[in-house]
Amino acid sequence: QVQLAESGGGSVQAGGSLRLSCAASGYTYSNFQLCMGWFRQAPGKEREGVAALYTGNGRTYYADSVKGRFIVSRDNDKNTLYLQMNSLKPEDTAMYYCAAGKVVCSGGYWGSGRYYTYWGQGTQVTVSS
């Protein structure tokens, strides 16, 4: 059973940066490969895939809305996934969730929440103008 715990959310002004962390337990990267993703959901809006990383080869995927501003990475020793968010905009305000699934990220799977089995509780990011 994989458990995920996000941290690092908070309030920041537009143009600022935050780094989210997702600590994974019950899993080590050597056991099996996962597509690990970051999703967000703003009030009244649908959940949106933000970024993902496939542990098998480290390949990363990004939504167009965050490409060039966000960076997803991992630390295998710490079993932690990160989302570095730069040049934040008010429209980035949302609850951010970490998720993991035993699927490959490619082929568009990464952006659909239904392919992920494990989810964290979320961390709030608020960007003020």
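Me: Before I look at S21, what does contact mean here?
Reply: Contact means heavy atoms within 4.5 Å. Keep in mind that this is a predicted model.

Me: OK. Leaving aside neighbours within four places in sequence, what is S21 in contact with?
Reply: S21 is in contact with A5, E6, S7, W38, T80, L81 and Y82.

Me: Where does S21 sit, and is it buried or exposed?
Reply: S21 is in strand β3. Its relative accessible area is 16%. Buried means under 20%, so S21 is buried.

Me: E6 is on that list. Which strand is E6 in?
Reply: E6 lies in strand β1. At 13% relative accessibility, E6 counts as buried.

Me: And what does E6 touch, not counting residues up to four places away?
Reply: E6 touches S21 and C22. W38 is also one of its contacts. Then come Y96, Y97 and C98. The list ends with G120, Q121, G122 and T123.

Me: How far is E6 from A23?
Reply: Their C-alpha atoms are separated by 6.5 Å. Along the chain, E6 and A23 are 17 residues apart.

Me: How do β1 and β3 pair?
Reply: They pair in the antiparallel sense, over five bridges. β1 covers residues 3-7 and β3 covers residues 18-25. Q3 has S25 in β3 as its bridge partner.

Me: Which other strand is joined to β3?
Reply: Strand β8, residues 80-85, is joined to β3 by six bridges. That pair runs antiparallel. C22 stands opposite L81 in β8.

Me: What about L20, buried or exposed?
Reply: L20 counts as buried, at 0% relative accessibility. L20 has its place in strand β3.

Me: What is around L20, leaving aside neighbours within four places in sequence?
Reply: L20 is in contact with S7, G8 and G9. W38 is in contact with L20 as well. From residues further along, L20 meets L81, Y82, L83 and M85. Y96, T123 and V125 complete the list.

Me: How far is L20 from R69?
Reply: They are 14 Å apart in space, C-alpha to C-alpha. In sequence, L20 and R69 are 49 residues apart.

Me: Switching topic. How many helices and strands are there?
Reply: Zero helices and eleven strands.

Me: Tell me about β5. Why call it largely enclosed?
Reply: Six of the seven residues of β5 (residues 48-54) are buried, so the strand is largely enclosed by the rest of the structure.

Me: How is β4 joined to β5?
Reply: Six bridges join β4, residues 35-41, to β5. The two run antiparallel. G37 stands opposite A52 in β5.

Me: What is in the turn between β4 and β5?
Reply: β4 and β5 form a hairpin, with six residues between them. G44 in that turn has a positive phi of about 80°.

Me: And how does β5 go on to β6?
Reply: Three bridges join β5 to β6, residues 60-62, and the two run antiparallel. L53 stands opposite T60 in β6. β5 and β6 also form a hairpin, with five residues between them. G58 in the turn has a positive phi of about 80°.

Me: Which residues other than glycine have a positive phi?
Reply: N79 is one of them, with phi near 50°. S87 is another, with a positive phi of about 50°. Most residues other than glycine have a negative phi.

Me: Where are N79 and S87?
Reply: N79 is in the loop between β7 (70-75) and β8. S87 is in the loop between β8 and β9 (94-101). N79 counts as buried, at 12% relative accessibility. S87 counts as partly exposed, at 41%.

Me: Now the whole protein. What does the radius of gyration say?
Reply: The protein has 14 Å. A compact globule with 129 residues would be near 14 Å, so the value agrees. The C-alpha atoms fill a box of roughly 45 × 30 × 25 Å, taken along the principal axes.

Me: How much of it is buried?
Reply: Buried residues make up 44% of the 129 residues.

Me: And the surface it exposes?
Reply: About 6,400 Å². Carbon and sulfur atoms supply 44% of that.

Me: Last one. How many charged side chains are there?
Reply: There are 12 positive and 8 negative side chains. The centres of the two sets lie 3 Å apart.

Conventions
Residues are numbered from 1 along each chain as its sequence is written. This is a predicted model: local features need pLDDT of at least 70, side-chain atom pairs count only at pLDDT 80 or more; totals for chains, interfaces and linings use all residues. Side-chain values use heavy atoms; hydrogens and water are left out. Helices (H or I, at least four residues) and strands (E, at least two) are DSSP runs, numbered from the N terminus. The radius of gyration is taken over C-alpha atoms; the globule rule is 2.2 Å times the number of residues to the power 0.38. Buried means under 20% relative accessible area, exposed over 50%, partly exposed in between (1.4 Å probe, protein chains only). Accessible areas come from the Shrake-Rupley method with a 1.4 Å probe; for residues, only the protein chains shown count as cover. Lys and Arg count as positive and Asp and Glu as negative; His and the chain ends are not counted. The place of a charge is taken as NZ of Lys, CZ of Arg, CG of Asp or CD of Glu. Two strands pair if DSSP finds at least two bridges between them.
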